[in-house]
Structure formats: structure tokens, C-alpha cells
Amino acid sequence: MSEKKTNASVVYVKADLNIVVRDTKITLADIMKIYSSDKKLVKDIGSREILRIKEQKSTKYSVSILKVIEAIQKEYPDLLVISLGENDFVVEYVQPIKKKKWLEIIKAVFVGLAVFFGSAFSIMTFNQDVSVDEVLDLFHTLVMGESQKGMNVVPICYSIGLPIGIIIFFNHFSKVKMDSDPTPLQVQLRIYENDENKAIIENSSREGTTIDVD
């Protein structure tokens with residue numbers, strides 16, 4: 001392989017702790033930011049393949065920055081590569097999923113109904129001084145025409161729906177926000193994500209599965 005010459009003697013690379021990719025062929029440009037005064041060099045380095053996904057499922061890989069430097073200096077031996085990001089990072093491959101329009105419509109209708117009835121229930125419990133039993137009895141009376149006696153379908157549905165609603169809320173599916181500030185839930189999720197990525201890196205290092213230089 002012939003040695004390539006370039007006027008730029010330094011290239012800067014920056015990798016985040018976690019990078020999500022959806023293509024099985026992963027190039028350096030897919031997993032990090034690359035900067036140099038030589039734009040052609042940046043484009044060439046960015047097109048270098050660093051990893052190819054063989055698994056037919058979503059998975060995570062721990063990658064060392066030394067592997068990146070090795071891949072660059074194979075083509076440019078005299079190039080100084082300076083990393084401004086993570087020394088070890090996680091590449092997360094997510095299989096592309098084709099969205100179905102009818103399913104998105106059903107989800108939107110379901111969310112709309114959940115918000116409508118949930119808001120109504122919240123207002124009613126507030127007006128009743130958060131007396132859930134009285135509100136459930138009122139629902140039963142309005143629907144069945146008589147006051148509830150013992151356990152029936154209304155409190156059962158409430159008991160099932162409450163934990164389901166909490167789970168859905170804390171998964172934070174919605175992308176609609178009133179402002180650009182991260183919510184407390186998002187902050188906690190990012191803390192958990194960072195801890196998870198660090199655990200993946202440490203486990204890979206101990207097991208010898210990190211994608212590193214030979």
C-alpha cells in the first residue's frame with residue numbers, strides 16, 4: 001500500500017460516550033466528529049470503514065479510540081491524530097424499523113383518549129378533595145345507574161391502568177416539549193444511560209471483547 005502524503009499534519013477526532021447507528025457498514029464519520037484544515041483529508045478519513053455489523057439484531061459494541069487511530073494511521077502513517085473525546089465509547093446498532101402509518105394513527109388516537117379521560121379524572125378527584133373512592137363510585141353510578149357494591153370492574157381497571165400509565169409516562173415516549181430544557185426525567189435517564197455505557201465498556205474490557213488494536 002502506497003503512503004499517502006498530505007499538507008495537514010494534525011487531525012482532531014471527537015467521539016461521544018454513546019453513538020447510535022442504523023447501517024451495518026459503519027464508517028469513522030458515523031461514529032465521531034473529524035476536523036482538519038484539509039477538507040479532502042477529513043472526507044477521506046470519514047469514509048474509512050471501522051466496523052461491520054454481522055448480527056441480525058440490535059446490539060452494542062465497546063470501541064477503543066486506539067482502534068480509530070490505528071485505522072487512520074494505516075493510510076496516513078505520519079499524521080498526528082488527537083482525540084478530544086472519549087477514550088472508550090459504545091457504538092449501538094439499532095435495526096431500522098419501517099413505520100406503519102395506520103399504527104401511528106392508532107397510537108395518536110389512544111394518546112388523545114388517554115389524555116382526555118385522564119384529565120377529566122384528575123379534575124374530578126381534585127374537586128372531590130382527591131377522594132378516589134367517591135369518584136369511582138360516581139363513575140359506576142353514572143354508567144350502571146346504581147352505587148357500587150364491593151369490588152367491581154371500575155376499581156380493577158383503575159388498579160391496572162395506574163401502573164401502566166406510570167410505566168408509559170416514565171418511558172417518555174413523547175417528543176413534544178414546552179421548552180428546550182431537559183426534564184428531571186430526562187436528566188435521570190441520561191445518568192442511567194451514562195452508567196450503562198460505562199458498565200458495558202468495563203465489562204468488555206474485563207472480558208477482552210473491546211474492539212481495540214491487536
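Student: What is the mean pLDDT of the chain in this model?

Tutor: Good place to begin! This is a predicted model, and pLDDT is the predictor's confidence in each residue, from 0 to 100. Of the chain's residues, 79% reach 70 or more. The mean for the chain is 79.

Student: Which element of the chain has the highest mean pLDDT, and which has the lowest?

Tutor: Let's take the top end, where strand β4 (residues 33-35) has a mean of 94. At the other end, with a mean of 70, is helix α6 (residues 153-171). So the highest is β4 and the lowest is α6.

Student: How many residues are in the largest nonpolar core, and which touch the most other members?

Tutor: The core has 30 residues. Elements giving two or more residues to this core include β1 (10-14), β2 (18-21), α1 (28-31) and β8 (88-93). The residues that touch the most other members are Ile-31, Met-32, Ile-45 and Phe-89.

Student: Which element gives the largest share of this core?

Tutor: Have a look at helix α3, where the buried residues include Ile-65, Val-68, Ile-69, Ala-71 and Ile-72. The largest share of the core is five residues. The element that supplies this share is α3.

Student: Which residues does Ile-45 touch, leaving out those up to four places away in sequence?

Tutor: Ile-45 is one of the core members that touch the most others. With residues up to four places away in sequence set aside, the list has one name from α3, which is buried there: Ile-72. Altogether, Ile-45 touches Val-11, Leu-28, Ile-34, Ile-72, Tyr-76 and Leu-79.

Student: Which residue caps the N-terminal end of α3?

Tutor: Find the backbone nitrogen of Leu-66. A side-chain oxygen lies 3.1 Å from that nitrogen. The residue that carries this oxygen, and caps the helix end, is Ser-64.

Student: How many salt bridges does the model have?

Tutor: Side chains of opposite charge can pair when their charged atoms come close. Here a nitrogen of Lys or Arg must lie within 4 Å of a carboxyl oxygen of Asp or Glu. One pair that qualifies is Arg-52 with Glu-49, at 3.1 Å. The count comes to six.

Student: Is Arg-52 buried or partly exposed?

Tutor: A residue is buried under 20% relative accessible area and exposed over 50%. The value for Arg-52 is 45%, and its partner Glu-49 is at 36%. Both values fall between the cut-offs, so Arg-52 is partly exposed.

Student: How far apart in sequence are the parts that Arg-48 and Glu-75 tie together?

Tutor: Their side chains meet in a salt bridge at 3.6 Å, N to O. Arg-48 lies in the loop between α2 (39-46) and β5 (49-52), while Glu-75 is in helix α3 (residues 65-75), so the pair ties together parts whose separation in sequence is 27 residues.

Student: Which residue of the Lys-67 and Glu-70 pair is buried?

Tutor: These two meet in a salt bridge at 3.4 Å, and both lie in helix α3, three residues apart, about one turn of the helix. Glu-70 is partly exposed at 24%. The other partner has a relative accessible area of 18%, so the buried one is Lys-67.

Student: Outside its neighbours within four places in sequence, which residues is Asn-197 in contact with?

Tutor: Asn-197 lies in helix α7 (residues 184-207). With a relative accessible area of 1%, Asn-197 is buried. Its contacts are Leu-17, Asn-18 and Val-90.

Note on methods. Residues numbered from 1 in each chain as written. Predicted model: local features only at pLDDT ≥ 70, side-chain atom pairs only at ≥ 80, totals over all residues. Heavy atoms only, no water. Buried < 20%, exposed > 50% of the residue type's maximum accessible area, 1.4 Å probe, protein only. Contact = heavy atoms within 4.5 Å. Core = buried A, V, L, I, M, F, W, Y, C linked by side-chain atoms within 4.5 Å. Polar contact = N/O pair within 3.5 Å; in protein donor to acceptor, adjacent residues only side chain to side chain.
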